[in-house]
Amino acid sequence: ATQVAPPLTKSMVKQSLRQGFTYPRPPIPEPPLWPQHPVQPVSLTAVSSAQAQELIANYKSKPAMLAILLTATWATGSSFSSSQHAQVICEAAYGELISQGEGGKIKFCTSDVSEAGAIH
């Protein structure tokens, strides 16, 4: 297999790249995450399976998106609960959308799929 391709040579790295790009000057342009402003999370509205069907019917004719996070309460007790983690992420994202003035274009809800009759 060593005769198939010649050995690779070590690439030459420019001195400016070895020294940390623009160090000691700040990066140009300024990274998009600076300055960071903490966003207030927004609680998601809990809906049942029947209410979810009504919401879906109501949002069909609206120019907005409906996002329903499906969680399982029996799994939230674990420290590795993906349901609980997903709810925290959705609350933060919804809060950020509202702070940017985009809250009217999307509706976030949560529904417990382990309730009676919700599991199919």
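**View 1. L66 and K107 face each other across two strands.** L66 stands opposite K107, a residue of strand β3. This is a predicted model, so local features need pLDDT of at least 70 and side-chain atom pairs count only at pLDDT 80 or more, while totals for chains, interfaces and linings use all residues. Residues are numbered from 1 along each chain as its sequence is written, and side-chain values use heavy atoms, with hydrogens and water left out. Helices (H or I, at least four residues) and strands (E, at least two) are DSSP runs, numbered from the N terminus. Strands β2 and β3 run parallel and are joined by seven bridges; two strands pair if DSSP finds at least two bridges between them.

**View 2. Here is the whole sheet, an open one with three strands.** The strand order is β1-β3-β2, and the pairing is parallel. β1 and β2 stand at the edges, each with a single partner strand, so one side of each has no neighbour in the sheet. Strand β1 covers residues 45–46, and two bridges pair it with β3 in the parallel sense. Look for T45, whose bridge partner in β3 is C109, and for A46, which stands opposite T110 in β3. As a bit of background, strands of a sheet pair through backbone hydrogen bonds, either parallel or antiparallel.

**View 3. Zoom out a moment to see the whole chain.** You can count three helices and three strands, and along the sequence they follow the pattern α-β-α-β-α-β. Of the 120 residues, 19% count as buried; buried means under 20% relative accessible area, exposed over 50%, and partly exposed in between (1.4 Å probe, protein chains only). Contact means heavy atoms within 4.5 Å. Among contacts between residues at least 6 apart in sequence, 70% join residues at least 24 apart.

**View 4. Strand β3 is mostly covered, and I106 and S111 show it.** Six of the seven residues of β3 are buried. I106 lies in this strand and is buried, with a relative accessible area of 13%. Its C-alpha atom is separated by 5.8 Å from that of L66, although the two residues are 40 apart along the chain. Leaving out residues up to four places away in sequence, I106 touches M65, A67, Y94 and L97. S111 also lies in β3, and its relative accessible area is 4%, so S111 counts as buried too. With the same sequence neighbours left out, S111 touches V47, S48, S49, I68, L69, L70 and T71.

**View 5. This one shows the largest nonpolar core.** A nonpolar core is a set of buried Ala, Val, Leu, Ile, Met, Phe, Trp, Tyr and Cys residues joined through side-chain atoms within 4.5 Å. The largest has seven residues: L44, A67, L69, C90, Y94, I106 and F108. At least two of them come from each of β2 (65–71), α3 and β3 (106–112). Apart from this core lies another, of five residues, including V47, A52, L55 and Y59. Back in the largest core, find A67: not counting residues up to four places away in sequence, A67 touches I106, K107, F108 and C109.

**View 6. Now meet E91, a buried residue with no salt bridge.** E91 sits in helix α3, which spans residues 82–99. Which side chain of opposite charge is nearest to E91? The answer is K107, and K107 is 12 Å away. For charges, Lys and Arg count as positive and Asp and Glu as negative, while His and the chain ends are not counted. Setting aside neighbours within four places in sequence, E91 is in contact with P41, V42, S43 and L44.

**View 7. K105 and E102 form a salt bridge.** A salt bridge is a side-chain nitrogen of Lys or Arg within 4 Å of a carboxyl oxygen of Asp or Glu. By this rule, the count comes to one. It joins K105 and E102, with the closest N and O atoms 3.1 Å apart. Is each partner buried or exposed? K105 is exposed, at 52% relative accessible area, whereas E102 counts as partly exposed, at 28% relative accessibility.
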